[in-house]
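Work through the exercises below with the sequence and the 3D structure open beside you, and try each task before reading its solution.

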Amino acid sequence: MSIDRLARRLAAGLTATALLVPAALAQDAGEMPQCQVREFAMGLRYQQQSAEVQALQLQAFALATERLDAAVAKAEDPSKLAVVTDLDETVIDNSALLVRDMQECHQYDTWDTWGFWEREGKPTLIPGAKEFLDHADKAGVAIYYISDRFGENKPSTIATLNELGLPQVSDDQVLLYGTTKVERRGVVSKDHQIILLLGDTLHDFDGVFHKADTATKRQKVEENRARFGTDWIVLPNATYGEWSEAPLTGWDAVLKTE
């Protein structure tokens, strides 16, 4: 996950107020409370419950394993190689938090509930993630977890990753929000050759995608098409992202039914 949470948090109170109709007033009027955040329900169902997302996740890590093995086979010293992975919706699944917030009619992508989740929540593993990371660890490849989770919650994040049994979890190898992801990847590159980047948002791969609009991102994806499935492995995330505000294009024909 890679969203400018600090800016969004500044607007969180205003957003929440604008979205909700007080439940008591709605009940007095005999109406259901309005809740725009429930428009995310389909995406949340797809992300959390669909077998298709499970298949895509397993497919991504199977491909990552093939690419890792190929790189290790060519390397003189595998310990000089590194895998860099995002955490949220790439290695760990936070959908339980998002569903809870949606059910409470709370706009979850303002990130004002995320800090509590980082400290007290119990995320689960993305299918295939642990097997891949254990494989990289056994191959002698360094693993770095680069995430925009809150830096002040780093002890809690490290404890969560340890509870999930992930390898190479240490203060030096879990790099959280504080500098840009580009800068944090640069720290890794000083001593290692990064052979694989894994993430659920394009900012996990290159700074050119950071804060870019959807049209620009699509153009840059085309320009970098050779890297996807080679050293950039993308995981599906239908729950949040800049794309959620993009306009849709529909068929311009008159609606007809039969």
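**Exercise 1.** In this predicted model, determine which parts of the chain are tied together by the salt bridge between lysine 154 and aspartate 171, and decide whether each partner is buried, partly exposed or exposed.

*Solution.* Begin with the contact itself: the side chains of lysine 154 and aspartate 171 form a salt bridge, with N and O 3.3 Å apart. Next, place the partners: because lysine 154 belongs to helix α9 while aspartate 171 sits in the loop between α9 and β5 (174-175), the pair ties together parts that are 17 residues apart in sequence. Finally, apply the cut-off of under 20% relative accessible area for a buried residue: lysine 154, at 16%, counts as buried, whereas aspartate 171, at 48%, counts as partly exposed.

**Exercise 2.** Locate the salt bridge between aspartate 148 and arginine 184, and work out where each partner lies in the chain.

*Solution.* The two side chains meet at 2.6 Å, N to O. Aspartate 148 is found in the loop between β4 (142-146) and α9 (154-163), and arginine 184 in helix α10, so that the pair links distant parts of the chain, 36 residues apart. Aspartate 148 is buried at 5% relative accessibility, and arginine 184 is likewise buried, with a relative accessible area of 5%.

**Exercise 3.** Which side of helix α4 do its buried residues occupy, and what do they pack against?

*Solution.* First list the buried residues of α4 (residues 41-49), namely Ala41, Gly43, Leu44 and Gln47. Because they cover an arc of only 155° around the axis, they lie on the same side of α4. On the other side, Met42, Arg45 and Gln49 are exposed. The buried residues of α4 pack against α5 (51-74) and α6 (95-103).

Note on methods:
Residues are numbered from 1 along each chain as its sequence is written. This is a predicted model: local features need pLDDT of at least 70, side-chain atom pairs count only at pLDDT 80 or more; totals for chains, interfaces and linings use all residues. Side-chain values use heavy atoms; hydrogens and water are left out. Buried means under 20% relative accessible area, exposed over 50%, partly exposed in between (1.4 Å probe, protein chains only). Helices (H or I, at least four residues) and strands (E, at least two) are DSSP runs, numbered from the N terminus. The arc is that of the directions from the helix axis to the C-beta atoms. Contact means heavy atoms within 4.5 Å. A salt bridge is a side-chain nitrogen of Lys or Arg within 4 Å of a carboxyl oxygen of Asp or Glu.
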